[in-house]
Amino acid sequence: MKHLKIAVSAIALSAAAMPASSEEITIGVISILEGAFAALGQDGIRGVEMAVADAGGSVAGNEINLVVVSSDASPDSAVAAARRLIEQDGAKIIVGPLSGSEGLALRDLSRSYPDVTIINGSSGAQDTTLRDPSPNFYRFGGDGAQWMAGVGTYAHDTLGYEKVAVVAEDYSFPYTQVLGFMSEFCAAGGTVPEKFWTPIGNADYSSVVYSIPQDVDAIFVALGGSDAVSFLTQYQQAGFSTPIIGGSITIDQTVLSSDASFRDMLIGAPAGTPTVSDYDSPEWVAFAAAYAEAYPDGLGAPSIFAHHYYMGAQAAMLGLEAVGGDLSDGGAAFRAVLDDLEFIQPTGGTMRLDENRNGIVDNFVIEVVELDDGSLGTRAIQVVKDVNQTLGQDLETFLAAGPVSRDNPSCP
Amino acid sequence: MKYLLILIPMALLPLVLNDFWLSQVLTRALIMGTIALSLSFLATYLGVVSFAQVTLAGVAGYAIAYFGPNTVGVGVPLPLIVTIPLALILAMAAGAMMGYIARRSRGIYAIMITLAIGVAFFYFTRQNYVLFNGFTGFSGVIAPALGEGNWGDPKPLYFLSLIVAAICVGLVQGFVRSPLGLAVQAVRDAPGRLLALGIPTTLPIVAAFAFSGLIAGSGGILNVWFQERVSSFSVGFGPIIDILIISVIGGLRHPTGAFVGAIVYVVLDIFAIDLIDRDRFNLLIGIVLLLIIVAAPNGLTQLITDGAKKLRGGAAKSRTT
Amino acid sequence: MPLSDAHNTTANALETQGIGKRFGGFWAVKDVTFSVKPGERRAILGPNGAGKTSLFNILTGDYKASAGSIRLFGEDVTKQSIPKRINRGLRRTYQHAYLFDGLSVRDTLFLAVAGIRGGWRQVLPVRLSDPRRAEAERLAEVAGITQFLDRMVSDLSHGQRRQLEIGIALAEDPKVLLLDEPAAGLSPAERPQLSKLLLSLPKEVTVILIEHDMDIAFQTSESVTVLFNGELMAEGTPDEVMADKDVHQIYVGGAHGH
């Protein structure tokens, strides 16, 4: 009996929740709104909202209806979120997800829904678009390797480092970051004698700290948030002062504003990122001002997540405008527009895609500086234009090197 | 007979429901309910709350992924006729091993031990690349072919999950009436007394955990076909807590409670974000679950049966007066 | 086995030599030596804390003896496990109801029959075997609880639980029965019924009974052993023991200690 009641109410509910009327275009958004990433995931949503607001909230007379669903960084949750958006809310366009493993999962899922177009949020795993790409999965942005463009060359040629050890978390995104660093650094003649892979959320780095070879010129640290703070604290307390090179999520505000004793060690440390909060190009200044106006309670400046979700949603708006909001052909015309879309991205460069639908982007080498008030900040020291996914190499050669892993690349 | 009254309408649901309701709500609830059933079984009949049922489901799921088709290039593909029994046997063996480790523990100590096993397995899958492919895990784990599609398609998987769930409920009810099942309940009530009857308590405990591994493993296999993937995330804290919540809100009195809990949890999990500001949807889920536990300490199933009894009693009374 | 038959006729049913149990520095049972003949009915008396139940626990193997040895029909069982002693025919009941509350009377008796007959192997078959079920029903009849076979143990009255205890202990030909206060908590009306049940036990079964109720103890037993502070104080027929000065002192004088 009770099952019957549930079934009846289920039917009633499903009738009430039918897809929106034809006057509306539903865009699904997947971001992480719970757990450690919640604040960053929120910033991604802000990016989407800004792009929709830029388009006036509608395209060719069709109202844009945003449906936001949360995932929890796990591939399963991202897949469940996407299925809900597609099957329940009738979304034909999805912007998201946030993190690397989720992106790979949605790339796989997109094959089951050829009429749905998924535009990546900020996930940065390489193989999402490089190997076995899906025709309806787009990334208007770079991967973790592109986000390190320029750093390897800068470390070798400008800072004069010859030997660098690597300390990174043991999953796909840091692998990709390490690849981005090493492909330049090794090509320039540097060596990486040892790599240390640590679990996410590790608290005790003592075994790593004392295993790092004494004769390295620097350590490339691709750890996020609290992991970076733990490692740097323990490394400094052990009495070492080898210079640091940072990954794209290593030198973030938690690390910079931490008053731990390692702060002096960080001054001058380079890092790679696609988003510099106080970049002084007119496009970025305007973007940051619009962000601050729309979200007085937001972060101090648009984060990497607001920036990338904005670009994804902006591409969707431009594509929809080009087809007059018409997705009735299963989105084929819409995707044809996206394939050749070019637009000015918030950092000033021109966003366009390669044949695998991955962004060709501008990337920044930044360094940690001590500001006038004594606190730490970052400064862009170099812009690398037109970074493609193969980092300037020939696609065949790049693919032949094999999928990125703990042991690939290697130049001991 | 009374199960047919539930099963027949449920078998007809695909005629009226769209794929989203069928797969994302009902199939998911049936799969989570099956895994939760393995926990309810242990809690009700052995008197032990295990936090590692997701681990047992994960063992079966990983076995299907490792010995089946996947897109990560790890593992040894075997024929399906070998893979499925192998996955279930591994889940049962893992359950038996866990039961052996936890054989002297009850109450909070059993919770601690099973939680430790679950968390250790989670970290192990993250860092082992040979068997578990580390953080990334397995993707592209497609269910066996069926006509033009495969068993993972919404309707086939729904029927498969419904049948598996029904079989598991039947198995639990049969097991608790078997001699071994009686011994399991005897361990729950008076372990020393069973020993005094010449039956060592280790055997029923290990058997109960192994049996729970069979149930959880069945759910784990369905889950990997449903998600088409399995990774460390599938066996982490999140799923562990989800299964616990489902068992608690469903109630431990009756095996079907797990499924009532699962459907409530899944619907809440999917739609809470539509009902409330997206900053706070987890708070809403938490409050609703808390209210359920306060209003129905023995679970929703008990609340419903009590309500039905009261209604029937009231009706009977009004007839006589 | 002809050899054990020879033991049965010549050896005592149960025999202890200086057994004791120490908890830390305290001897709950100390240097107890006594023997019981096959078929004998023996009552064990003593005030609370005299070590009666501890003595039972040593005899059954629930406690490991700290000192001394135990022989069952001439065989040294001091180091044997509980199931082994059960196999040799030793059975007990518990002072506090220690039953499977969530099972029915039938299932409880089935487990008793199955466990004692063959240990863990008996619980492996998928179905309850018919001879065992019949045996369970026979035990219920002996214990006088046939009409409650399908009742949950938790729904039994105190007296019915006592009867079930004895039913369990009678499973599969016990040779030595240790009954720990079977009359405890029974109403005056229920007591004669228990005495009747005890008297109806098969003659060849050796019974050792802890009992506070003197009427029941003397009615059903031919010999008495008195424990005091863990030590053996007196032994003999009921009349001899009641004539003992020290025994008289603790039971009538009410002294607990020296």
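Which residues does B:Ala60 touch, not counting residues up to four places away in sequence? They are B:Ala87, B:Leu88, B:Leu90, B:Ala91, B:Gly217, B:Gly220 and B:Ile221. Contact here requires C-beta atoms, placed from the backbone, within 7 Å.

The model is predicted: local features need pLDDT of at least 70, side-chain atom pairs count only at pLDDT 80 or more, and totals for chains, interfaces and linings use all residues. Residues are numbered from 1 along each chain as its sequence is written, while chains are lettered from A and ligands numbered from 1 in the order in which they are written.

**Cores**

B:Ala60 belongs to the largest nonpolar core, which has 172 residues. Together with B:Ala91, B:Ala183 and B:Ala262, B:Ala60 touches the most other members. Helix H2 (residues 19-46) of chain B gives the most to this core: 17 residues. A second, separate core holds 119 residues, including A:Phe140, A:Ala168, A:Tyr175 and A:Leu179. A nonpolar core is a set of buried Ala, Val, Leu, Ile, Met, Phe, Trp, Tyr and Cys residues joined through C-beta atoms within 7 Å. Buried means that 20 or more other C-beta atoms lie within 10 Å of the residue's own. Helices (H or I, at least four residues) and strands (E, at least two) are DSSP runs, numbered from the N terminus.

**Domains of chain A**

Chain A splits into domain 1 (22-142 + 282-357) and domain 2 (146-273 + 362-400). These bounds come from an automatic or database domain assignment. The C-alpha centres of the two domains are 28 Å apart. Across the boundary, 13 residues of domain 1 contact 12 residues of domain 2. The domain 1 side comprises three nonpolar, nine polar and one charged residue. Ala, Val, Leu, Ile, Met, Phe, Trp, Tyr, Cys and Pro count as nonpolar, Asp, Glu, Lys and Arg as charged, and the others, Gly among them, as polar.

**Chain contacts**

Two pairs of chains are in contact, and chains A and B share the most contacts. No contact joins chain A and chain C; their closest C-alpha atoms lie 27 Å apart. Between chains B and C, 19 residues of B contact 26 residues of C. On the chain B side, helix H7 (179-189) and helix H8 (191-196) are the elements that give two or more residues. H7(B) gives the most, with eight. That side has 12 nonpolar, four polar and three charged residues.

**Sheets of chain C**

Chain C contains two open sheets, tabulated here. Strands pair if DSSP finds at least two bridges between them.

| Strand order (chain C) | Strands | Pairing |
|---|---|---|
| S6-S7-S8-S3-S9-S10 | six strands | mixed |
| S2-S1-S4-S5 | four strands | antiparallel |

In the six-stranded sheet, strand S6 (90-92) and strand S10 (231-236) each have a single partner strand, so one side of each lacks a neighbour in the sheet. The twist averages 20 degrees from one strand to the next. Five bridges join strand S9 (residues 223-228) to S10(C), running antiparallel. C:Leu227 stands opposite C:Leu232 in S10(C). Helix H2 (residues 52-60) of chain C packs on this sheet, and its direction makes about 150 degrees with that of S7(C). Axes are lines fitted to C-alpha atoms, for helices over the stretch in contact, and angles run from 0 to 180 degrees between N-to-C directions.

In the four-stranded sheet, strand S1 (residues 14-23) and S2(C) pair antiparallel over seven bridges. C:Leu14 has C:Val36 in S2(C) as its bridge partner. H2(C) packs on this sheet too, at about 65 degrees to S2(C).

Notes:
Buried ≥ 20, exposed ≤ 12 C-beta atoms within 10 Å, placed from the backbone.
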